Amino acid sequence: MVTKTKGIGDLFKEIIDKGLCTVCGACVGDCPYVVFYRGKIRMLDFCNRTEGHCYEYCPRTFTDLDAISNKIHGTSYTGDEIGTVKEVLMARAGDSKTRAKAQYGGTVSALLSLALDNGVIDAAILSKNTDDKLPSGFVARSSAQVLEGAGSNYMAYPALEALNGMPRDSKDRLGIVVTPCQAIALAKMKVSPPSQRVSMENVRLSIGLFCTWALAYDRFFEFIKNNVSPAKIKKFDIPPPPANRFDFYIGKEVESFPLDGIRNYRMSTCAYCLDMTAEFTDISLGSVEGIEGWNTVIVRTQQGMDIVEEAKKKGVLEIKELPAQNLVHLKDAALIKKARAVQAIVERTGDKNDLMYLGISDNLKGKLLSHRVTAQGGH
Amino acid sequence: MPNIDMDAPGSNQLFIGNEAMARGALEAGIGFASAYPGTPSSEILGSLSEVAKKRDIYVEWSVNEKVAIEAGAAASFAGVRALVAMKMNGLNTVIDFLSTITLSGIGKKGIVVMVGDDPSAHSSSNETDSRPVSKWLDIPLVEPGDFQEAKDMMPFLYGISEEFGTISIMRSVTRIAHARGNIKLGEIPKIAHKARFEQYLDPAAPMPTPIMCVPSSFRHMFQHMRMDKVREKFESCSFNRYVGPDKPDLLIITAGSGWLYSQDAVNALKAENRIGILKLGTLWPLPEKLIKTHLSKADKVIFIEETDPFLEGVIMEYTAGFSPESKRNLFYGKHTRHLNSFGELTPDAVIKAITSVLDIKYAPRDAEYMKKVEAVPQGHVMDRLLTFCPGCPHRASFWAIKNALAMDGRNGFVTGDIGCYTMALGPAGFFQTRTHQCMGAGAGLANGFGQLSRFGFNQPVVSVVGDSTFYHSIIPALVNGVHNHSNFTLVILDNGATAMTGFQPHPGTELTAMGEPAAQISMENICRAIGARVEICDPFDLKDTTRTILDLVEQDQGARVAIMRRTCELVRQKKEKKPYKMQIDPDKCLGEDCGCNRLCTRVFRCPGLIWDAAAGKTRIDEVICTACGVCADICPEGAITKEAIA
């Protein structure tokens, strides 16, 4: 395991060229040497610095989960299935229009709109699709703009590029929507703040999205082009298990493909990710198995608690208790992802003492290596 | 530049070799001159173009050397003396025509090809020696050994051309063509040229028409016989001469600049009594009798000549036919490794060779000399790599090409061509150019790369050419690419100038060599007529240019064209003032920090930007910055600003 911060050449050699890049965007946006283009991180020129933020913040270079957990949650990394939790519940947007635009319950859009309206944040960084269906990060400053970012297309995208692109001296208080790998990169930035980028103190609210894996844009877009007309797609959806489908909403029609085939377009790096529930955020959420139109919500920090309480009070969110069985399933799935990741890493390195990027305790490692995992699953 | 047509016969003037040759051509009474520019030959036509109207001669910068020589031959066919100038690369492209005109013969008036060779390839892609062409194709060839000869050989060579009915060649090298020396002027005749293509029907007529090379084998025989007659003439030519003792310990056989270096060497070694120099001016056919006479007087012989062992080879070959009783010489030169058959000849190299053969001790300078020389300019001369001028559009073009190919991510590359942009092989063009051959070759190579997908080839290919090069030799390659569906992008860097050789007109520019309005040929119309998709962009708009290239590259089929149009900065700044006030905000400049790491002075590297190591910031060199404004667009922090000057 390499723990030293290195430069851009090493980032490409060790991570990107080896198919380990998550396209989180931590290395893009404030550096003229690296760009994101059509689903890939590209080096325009060689920066001969021997240490760079690009390498340091990458979620696939050495990541000390204890340090991150201490920074975000004030406690060492426990390795619990769904991370540090204050409260788990079920929610949906109080406003039916928001729900109609949203992927599931519209909770993300509702919370961000509230944070903007309340002045908790001045701007929110989220994603929206370009004409080529490639999601990219963008900055929303109003509820209306937040709704433009509603919906998911399951492709990896560089949300942190938009954060890095904020002016260095910006005073905007920010909210940000991140996937688990992006949340880890963001947490690494908070642990060791960059000197020449927008201040990490500005990031006031992070909302995480549950994620089993993401699709690689370049290969998946080829599939879309060959099977569905990209311009006509209104929404992408992976319904909760046991549907095992990938749905394209084209106008009012739904065109479905078996999920097993779509899995071929996964980012290879997702196999090594142990975080399903975006553990290093203020709030994280996903769908609810068997209950359509609602979100599972994990509140993790005091900031998270505050905004959820406020939302409840103002009726911005409808809140219910998450059925106990759902929580059990969620934890099972999250644990399986952890175990699979560690086992896949050891298979790749061929050495139980080499966990590539992952800095976890020997205890946790032993537990995850011995956990029996079932066959292919997720989403 | 001196006035090459001054009416001052008998006066001494300081001319560069090329001006001396142009003056010689005027004294020979030429009526027609054509050329394609190329170092070290460009000043010949350049200086003639300045006096063309006054002297009532026709001067033309032709689209390429092949058209130039064919146009010149037409003048000869119609009874007007013609001069055609080119560099050695140009000669290579006209070999086909030379091989037929040497069979067909010329018109009533002479035609001379002036070819400038560039030993050490100071400004060339190769250092070919042109002389072997004369032997190969039976064409008389002379080479001036000094500046006076550069002029005087011209009228002489027209005499040879007309007396024997053959095209003739004068070879010079950079150190004759570009160095300056005294010449004594002769008279420029006043000739009222009359051009007419006589069409004799009688085969027995002095010059039967059609002028043709058939029956070729029969004419080939005459071609050889003609050379025997020329050889006889050369035996008594004053351009061949000997200086030295009657029976020297060492005979130098030399020509061209070797003559100057040999004199220097003998002088430096104070060996005038031991070494003789046979200086040859007529190099093909060789004055064999003269040579044999001198060979009989010396045991040891060394050949001093630029580049190839041409004299060395042909003279040793000639002596192989001597009778067994004849004197046998010990020959030294390139075949004995006393001299190199590459790189430029120097007086030092000549001295070293001679002292080695004669076992003379000679120390040209004290051992510390080079150290002292290197110490002198320290701190006074800026350390700078070969690069584009400040404000050069090519730097911006290659920046966009580099970024586009990097974003595409399929390991695309540039096939290069001949012009200022050849420097893109190095840091000036961010190492984008990956092949470098001759004019037009980049597009030809792209044609081939573009057909290799059936063998798994998937890299984007970008052929980058200049505007002058486009007209010179790219059009057939584009025709081929479109016709055969080859997959490549042709980028034409249209800076409106033949910049590298000195801003000669080309078919896309406004004026002819005579200074008259030209019919400008639109390169985009040509490309579109061929059937290629054409996009035009301004390289200073980096964003748009990058997007355009990326879009063309991603099209991934057929031959398509981007024209990056922006006037050469050296041309622009003669007409316009600086467009912007450029400033750098030191508070915003990140210097070597993460997030920049000197992108502007480490990668972009415009000479107008200076890295102030002490301050850790970039500064603008106010003296040479042309305020093109491009660096303001590459600075990631917006520290460099451009403010339009009203």
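How many residue pairs are in polar contact between chain B and chain A, taking both at pLDDT 80 or more? I put this to the structure first, bearing in mind that it is a predicted model, and the count I noted is 14 residue pairs.

**Entry 1, the interface.** I then looked up the contacts between the chains and found 23 residues of chain B touching 19 residues of chain A. For the area buried between chain B and chain A I wrote down about 1,700 Å², with carbon and sulfur atoms giving 49% of that area. On the side of chain B, I noted that B:Met407, B:Cys594 and B:Arg602 supply 32% of the area that this chain buries against chain A, which is more than any other three residues.

**Entry 2, salt bridges across the chains.** I counted three salt bridges between chain B and chain A. One of them pairs B:Glu554 with A:Arg38, where the closest N and O atoms are 3.1 Å apart. As for the elements behind this side of chain B, I listed α15 (393-408), α19 (542-555) and α21 (599-604), each of which supplies at least two residues; α15(B) gives the most, with six residues. By class, I recorded 10 nonpolar, four polar and nine charged residues on the side of chain B that touches chain A.

I also looked up A:Asp45, which forms a salt bridge with B:Lys402 at 2.5 Å between the closest N and O atoms. A:Asp45 sits in the loop between β2 (40-43) and α2 (53-57) of chain A and B:Lys402 in helix α15 of chain B, so this pair joins two chains. Both A:Asp45 and B:Lys402 are buried.

**Entry 3, salt bridges within chain B.** Here I took B:Arg55 and B:Asp7, whose side chains meet in a salt bridge at 3.5 Å, N to O. Because B:Arg55 lies in helix α2 (residues 42-55) of chain B and B:Asp7 in the segment before β1 (12-16), the pair ties together parts that are 48 residues apart in sequence. I noted B:Arg55 as buried at 15% relative accessibility, whereas B:Asp7 is exposed, with a relative accessible area of 55%.

A further salt bridge links the side chains of B:Lys327 and B:Asp299 at 2.5 Å, N to O. I placed B:Lys327 in the loop between α12 (310-319) and β14 (330-332) and B:Asp299 in the loop between α11 (288-295) and β13 (300-304), so the pair ties together parts of chain B that are 28 residues apart in sequence. B:Lys327 counts as partly exposed at 32% relative accessibility, and B:Asp299 counts as partly exposed at 47%.

**Entry 4, the wider count.** Over all chains I arrived at 58 salt bridges. I closed with a network of salt bridges that links B:Asp117, B:Asp129, B:Arg131, B:Glu143, B:Arg171 and B:Glu305.

Technical notes. Residues are numbered from 1 along each chain as its sequence is written. Chains are lettered from A and ligands numbered from 1 in the order in which they are written. This is a predicted model: local features need pLDDT of at least 70, side-chain atom pairs count only at pLDDT 80 or more; totals for chains, interfaces and linings use all residues. Side-chain values use heavy atoms; hydrogens and water are left out. Contact means heavy atoms within 4.5 Å. Buried area is the accessible area (1.4 Å probe) that two parts lose on being put together, summed over both. A salt bridge is a side-chain nitrogen of Lys or Arg within 4 Å of a carboxyl oxygen of Asp or Glu. A polar contact is a pair of N or O atoms within 3.5 Å; within protein, one must be able to donate a hydrogen and the other to accept it, and residues adjacent in sequence count only if both atoms are side-chain atoms. Helices (H or I, at least four residues) and strands (E, at least two) are DSSP runs, numbered from the N terminus. Ala, Val, Leu, Ile, Met, Phe, Trp, Tyr, Cys and Pro count as nonpolar, Asp, Glu, Lys and Arg as charged, and the others, Gly among them, as polar. Buried means under 20% relative accessible area, exposed over 50%, partly exposed in between (1.4 Å probe, protein chains only).
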